[in-house]
Amino acid sequence: MTIPLACQEQLLPGDDLIGKYALATALGYQGIELRGRGDLALARRLPELRRARAAGVVLPTVCVEMDHFIGDFDLERSRDAVRNLRSQLSVIAELGGVGAMTPAAWGMFSRRLPPFEPPRSPAGDRQVLLDALGELGEHARAEGVTLLLEPLNRYEDHMVNRLDEAATLCAAVGLPSVRVAADTFHMNIEEDDVHAALRSVAPYLGHVQVSDSNRYQPGAGHLNWPALLRTLHEIGYPGWLALECRLRGDPVGALQQAATVLRRAQPGRAAA
């Protein structure tokens, strides 16, 4: 079975989602991944999103785009991130989508940079994440969608860097509505063996975002896409591949390159 491809909305030229989707499908994508900004911005877009859905635009997932996240050191900012994700989960449920994804945090702290020691203990980090994931997981379950926890590399976050760390939190929450989102760029930095890492979290893997080793579109770096797609097929991965990257070269040409690389990498597909 072919894994469907989605492209994040900001990468697609066009004035609205209907026009962007027309281009996306022409290039070989089957859906558009939304971006969820703060201040309940996605909910305010519901009239636009409903029109797009009525026109046949497929919107499987939303990726949070904020300056604070569920693992923030500041409790009010953490709670606001939870509030926004609850809203995003409800919106994506109305649109018939799969779920919403978030990292523990982004750009807040790294043990690789001074001062090296965060202001909260590992046990404190874990409890804050479990509290947020539990609340959001219950809301996702009620809405019939999934909350997706994305590990980031060590320079962007200090709490959840590898797939097994995310899966351990999912297991601790104990809800089928909380799953792991893998990102090939971060995996390229953090995982000793990306294939073994994917196999080890197979029961928890709910979403995959793709970019090449250099954060540009697939085909612009050195990742082995046929091997990666073969592993996803072997573990029975049921979700989407969503393009989240920078674009090198002409945007339409770069998006075409990515779709072609990912299509040809699918097991059993012809190389043409």
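**Warm-up.** Is Arg 215 buried or exposed? Let's take it step by step.

*Solution.* Start with the cut-offs: buried means under 20% relative accessible area, exposed means over 50%, and partly exposed is in between, using a 1.4 Å probe and protein chains only. Arg 215 has a relative accessible area of 13%, so Arg 215 is buried.

Before going on, a word about the model. This is a predicted model, where local features need pLDDT of at least 70 and side-chain atom pairs count only at pLDDT 80 or more, while totals for chains, interfaces and linings use all residues. Residues are numbered from 1 along each chain as its sequence is written, and side-chain values use heavy atoms, with hydrogens and water left out.

**Exercise 1.** Find the backbone oddities in the loops.

*Solution.* Step one is the background rule: most residues other than glycine have a negative phi, and most peptide bonds are trans.

Step two: look for positive phi. Arg 215 is not a glycine, yet has a positive phi of about 75°. You'll find Arg 215 in the loop between strand 7 (205-210) and helix 9 (225-234). Helices (H or I, at least four residues) and strands (E, at least two) are DSSP runs, numbered from the N terminus. Leu 40 isn't a glycine either, and its phi is positive at about 55°. Leu 40 sits in the loop between strand 2 and helix 2 (41-44), and with a relative accessible area of 26% it is partly exposed.

Step three: look for a cis peptide bond. One joins Pro 114 and Pro 115, with omega of about 10°. Pro 115 belongs to the loop between strand 4 and helix 5.

**Exercise 2.** Work out how the strands are arranged, then zoom in on strand 4.

*Solution.* First, the overall picture: 8 strands make a closed barrel in the order 1-2-3-4-5-6-7-8, with parallel pairing. From one strand to the next, the twist averages 30°. The angles run from 0 to 180 degrees between N-to-C directions, with axes being lines fitted to C-alpha atoms (for helices, over the stretch in contact).

Next, check a pair. Two strands pair if DSSP finds at least two bridges between them. Strand 3 and strand 4 (residues 99-103) pair in the parallel sense over 3 bridges. Val 62 has Ala 100 in strand 4 as its bridge partner, while Thr 61 has Gly 99.

Finally, how enclosed is strand 4? Since 5 of its 5 residues are buried, strand 4 is largely enclosed by the rest of the structure. One side carries Gly 99, Met 101 and Pro 103, the other Ala 100 and Thr 102, and both faces are covered.

**Exercise 3.** Trace the salt bridges, starting from Arg 35.

*Solution.* A salt bridge is a side-chain nitrogen of Lys or Arg within 4 Å of a carboxyl oxygen of Asp or Glu. The structure holds 19 of them.

Take Arg 35 and Glu 65: their closest N and O atoms are 3.4 Å apart, which makes a salt bridge. Arg 35 is in strand 2 (residues 31-37) and Glu 65 in strand 3, so the pair ties together parts that are 30 residues apart in sequence. Arg 35 is buried at 18%, whereas Glu 65 is partly exposed at 31%.

Now widen the view. Arg 35, Arg 37, Glu 65, Asp 183, Arg 215 and Glu 244 are linked in a network of salt bridges.

For contrast, try Arg 141 and Glu 138, whose closest N and O atoms are 2.7 Å apart in their salt bridge. Both lie in helix 5, 3 residues apart, about one turn of the helix.

**Exercise 4.** Describe the largest pocket.

*Solution.* Start with the idea: rolling a probe the size of a water molecule over the atoms shows where empty space is left. On a 1 Å grid over the protein atoms alone, a pocket is an open set of points where a 1.4 Å probe fits, with protein on both sides within 12 Å along at least five of seven lines; lining residues have an atom within 4 Å of a point.

Then the size: about 460 Å³, where a volume is the space filled by probe spheres set on the points, and grid points are joined across faces, edges and corners.

Last, the lining. The largest pocket is lined by 19 residues, with Arg 35, Trp 106, Glu 156, Arg 215 and Glu 244 nearest its centre. Strand 3 gives the largest share, 3 residues.
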